[in-house]
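Visitor: I'd like to learn how to read a structure like this one. Could you walk me through it?

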Amino acid sequence: MPGKHNTVIPLRRYTFIAGAATLLVVLVSWVAIRAVGPAEADGRVPLMVQPTVPLGGAELSVPPTSVPPPSAVPPSASPSSASPTPVRSSPRPSRSPSKKPAPRRTTSPPAPAASFTAAYRTGGSWDRGFIAGVEITNKSGPARNWTVRVSYDPDAGVRVGNTWNAQLTRDGNTFVLTGGPLAPGATAMLGFEASKQVRSRIQPTACTVDGAPCGLG
């Protein structure tokens, strides 16, 4: 009796292990089918395309094209190899600067030497008056009249009274004495008497004969 019990227990154990292994294989197969899917589930039948060109060894060569190789292209047709021809511009003739004629220097003729010279002198002086005279000489030129102009400081209050060998007119503070004609090389002496408002001896501020200055003495 004890020997029967030992035989039954191992058989049941083996039967359980075999069933578990079978179930495990079924689960793995089912998971693989769900992941990949059966071949017939796609529903598409592969098409068999027959080539139109027979697969012959001689017929696989590509026919030559009419395009010439790059070496046959003339170098002039290549835009990269064509170098631009420099355009030479004709040099423009240089214009020499026009020389302007130098302006002519016109020298004015020298003023003629004064034919009349004069010298102013004071004959006598006192507190309220004085006597003066002008000596005139015709150094050159023809005989002609002369004009002597004598001016004094306005503050001196000079008034010319009596004159000799001249005619007297007044132009503001200037006394104009005229006379003549005086021959070439001749000398004339004119004089006048005048009053003044200052005590000191005075001299004219200007004296001319026909525009030429007089000498003051």
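Visitor: Which side chain meets Asp 171 in a salt bridge?

Guide: A salt bridge here is a side-chain nitrogen of Lys or Arg within 4 Å of a carboxyl oxygen of Asp or Glu. In this structure Asp 171 meets Arg 149, at 3.2 Å from N to O. The two sit in distant parts of the chain, 22 residues apart: Asp 171 in strand β5 (residues 167-171) and Arg 149 in strand β3 (residues 144-151). Before we go on, a word on the ground rules. This is a predicted model, where local features need pLDDT of at least 70 and side-chain atom pairs count only at pLDDT 80 or more, while totals for chains, interfaces and linings use all residues. Residues are numbered from 1 along each chain as its sequence is written, and side-chain values use heavy atoms, leaving out hydrogens and water.

Visitor: How many salt bridges does a search of the whole structure find?

Guide: Four. Another of them joins Arg 121 to Glu 135, with the closest N and O atoms 2.9 Å apart. That pair also links distant parts of the chain, with Arg 121 in strand β1 (residues 116-126) and Glu 135 in strand β2, 14 residues apart. Then there is Asp 127 with Arg 199, whose closest N and O atoms are 3.3 Å apart. Here the link runs between two loops, 72 residues apart: Asp 127 lies between β1 and β2, and Arg 199 between β7 and β8 (206-209).

Visitor: Is Arg 199 buried or exposed?

Guide: The general scale first: buried means under 20% relative accessible area, exposed means over 50%, and partly exposed is in between, using a 1.4 Å probe and protein chains only. Arg 199 has 58% relative accessibility, so it counts as exposed. Its partner Asp 127 is partly exposed at 41%. Arg 121 is partly exposed, also at 41%, and Glu 135 is partly exposed at 31%. For the pair we began with, Asp 171 has 45% and Arg 149 has 34%, so Asp 171 is partly exposed and Arg 149 is too.

Visitor: How many helices and strands does the protein have?

Guide: Helices (H or I, at least four residues) and strands (E, at least two) are DSSP runs, numbered from the N terminus. This protein has one helix and ten strands, and the helix comes ahead of the strands in the pattern α-β-β-β-β-β-β-β-β-β-β.

Visitor: In what order do the five strands of the open sheet come?

Guide: Two strands pair if DSSP finds at least two bridges between them. The order is β4-β7-β2-β1-β10, and the pairing is mixed. β4 (159-164) and β10 (215-216) stand at the edges with a single partner strand each, so one side of each is left without a neighbour in the sheet. For β4, pairing with β7 (residues 187-195) is antiparallel, over four bridges. You can find the register by looking at Trp 164, which stands opposite Gly 191 in β7.

Visitor: Is Asn 138 buried or exposed?

Guide: Asn 138, in strand β2 (residues 129-138), has 0% relative accessibility, so it counts as buried. A polar atom of its side chain lies 2.9 Å from the backbone oxygen of Leu 182. Contact means heavy atoms within 4.5 Å. Leaving aside neighbours within four places in sequence, Asn 138 has contacts including Ser 115, Phe 116, Leu 182 and Pro 184. Thr 122 in strand β1 is buried as well, at 14%. Beyond four places in sequence, Thr 122 touches residues including Ile 131, Ile 202 and Gly 217.

Visitor: Which residues touch the most other members of the largest nonpolar core?

Guide: Such a core is a set of buried Ala, Val, Leu, Ile, Met, Phe, Trp, Tyr and Cys residues joined through side-chain atoms within 4.5 Å. This one has 25 residues, and Ile 136, Val 148, Tyr 152 and Phe 192 touch the most other members. β1, β2, β3, β6 (174-182), β7 and β8 each supply at least two residues, and the largest share, four residues, comes from β2. Click on Tyr 152 and you will see, among the residues it touches more than four places away, Tyr 120, Phe 130, Phe 175 and Phe 192.

Visitor: How much of the whole protein counts as buried?

Guide: Of its 217 residues, 18%.

Methods
A polar contact is a pair of N or O atoms within 3.5 Å; within protein, one must be able to donate a hydrogen and the other to accept it, and residues adjacent in sequence count only if both atoms are side-chain atoms.
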